[in-house]
Amino acid sequence: MNYQQYRTARRLVHSCCNYDCGNCLLLDDGEECVCPQSITYSLVCRWFRAAVLPLDAGLCAALLHRADRKKCVLCGGYYLPKSNRAKYCPECAVAARRKKEAERQRKRYYDSTHLGPKKS
């Protein structure tokens with residue numbers, strides 16, 4: 001995990017249901033225990049990996065699914081594709097679809113209103 005990923009994971013730790021003021025309730029056996037995700041660069045906590053990390057899809061793809069991830073053509077971010085022909089991350093897919101639809105409609109309008117080469 002690099003520093004930027006570590007900072008993102010630290011922010012996600014606060015979303016964990018076992019996190020209590022810097023301590024982990026799962027590891028609490030009478031005395032307080034510091035949450036391992038907040039002090040290390042590695043993914044130690046199984047609960048964090050299973051329940052909290054999927055909240056940030058980009059970080060999850062970068063850390064857990066390195067072989068399966070793809071790079072988005074538009075933004076350059078990593079994501080987990082839902083099919084083998086996906087080119088864009090889910091955020092960019094919406095924008096790319098709207099842009100292509102606008103181009104298609106513009107071409108359709110131009111072809112129907114302007115005289116062009118005769119179709120055979």
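A surface patch, as the word is used here, joins residues that have over 30% relative accessible area and no salt bridge, with nonpolar side chains linked within 5 Å. In this predicted model, Leu26, Leu27 and Trp47 make up such a nonpolar patch, and together they offer about 300 Å² of accessible area. Leu27 sits in the loop that runs between strand E2 (23–24) and helix H2 (46–52). With a relative accessible area of 42%, Leu27 is partly exposed.

Before going further, a word on confidence. The mean pLDDT of the protein is 82, and 92% of its residues reach 70 or more. Among the elements, helix H4 (residues 90–113) has the highest mean pLDDT, at 93, while strand E1 (residues 19–20) has the lowest, at 76. Where pLDDT is low, the predicted coordinates should not be read in detail.

Now to the interior. The largest nonpolar core has 13 residues, and those touching the most other members are Leu12, Phe48, Val52, Leu53 and Leu59. Helices H1, H2 and H3 (57–63) each supply at least two residues of this core. Another core, of five residues, lies apart from it and includes Cys72, Tyr79, Cys89 and Cys92.

Helix H1 also has some aromatic interest. A search of the whole structure turns up one aromatic pair. Its partners are Tyr3 and Tyr6, whose ring centres are 6.3 Å apart and whose planes meet at 40°, so the pair is tilted. Both tyrosines belong to helix H1 (residues 3–13), where Tyr3 and Tyr6 are three residues apart, about one turn of the helix. Their surroundings can be told apart by accessibility: Tyr3 counts as exposed at 51%, whereas Tyr6 is buried at 11%.

Charged side chains come next. Two salt bridges are found in a search of the whole structure, and here they are side by side.

| Salt bridge | Closest N to O | Position |
|---|---|---|
| Glu101 and Arg104 | 2.6 Å | helix H4, three residues apart |
| Lys107 and Asp111 | 3.2 Å | helix H4, four residues apart |

In the pair Glu101 and Arg104, the spacing is about one turn of the helix. Lys107 and Asp111 are likewise separated by about one helical turn, because they are four residues apart in helix H4. As for accessibility, Glu101 is partly exposed, with a relative accessible area of 31%. Lys107 is exposed at 55%, and Asp111 counts as partly exposed at 45%.

Notes
Residues are numbered from 1 along each chain as its sequence is written. This is a predicted model: local features need pLDDT of at least 70, side-chain atom pairs count only at pLDDT 80 or more; totals for chains, interfaces and linings use all residues. Side-chain values use heavy atoms; hydrogens and water are left out. pLDDT is the predictor's confidence in each residue, from 0 to 100. Patches are made of residues with over 30% relative accessible area and no salt bridge: like charges are joined within 9 Å, nonpolar side chains (Val, Leu, Ile, Met, Phe, Trp, Tyr) within 5 Å. Accessible areas come from the Shrake-Rupley method with a 1.4 Å probe; for residues, only the protein chains shown count as cover. Buried means under 20% relative accessible area, exposed over 50%, partly exposed in between (1.4 Å probe, protein chains only). Rings of Phe, Tyr and Trp (its six-membered ring) pair if their centres lie within 6.5 Å; planes under 30 degrees apart count as stacked, over 60 as edge-to-face and the rest as tilted. A nonpolar core is a set of buried Ala, Val, Leu, Ile, Met, Phe, Trp, Tyr and Cys residues joined through side-chain atoms within 4.5 Å.
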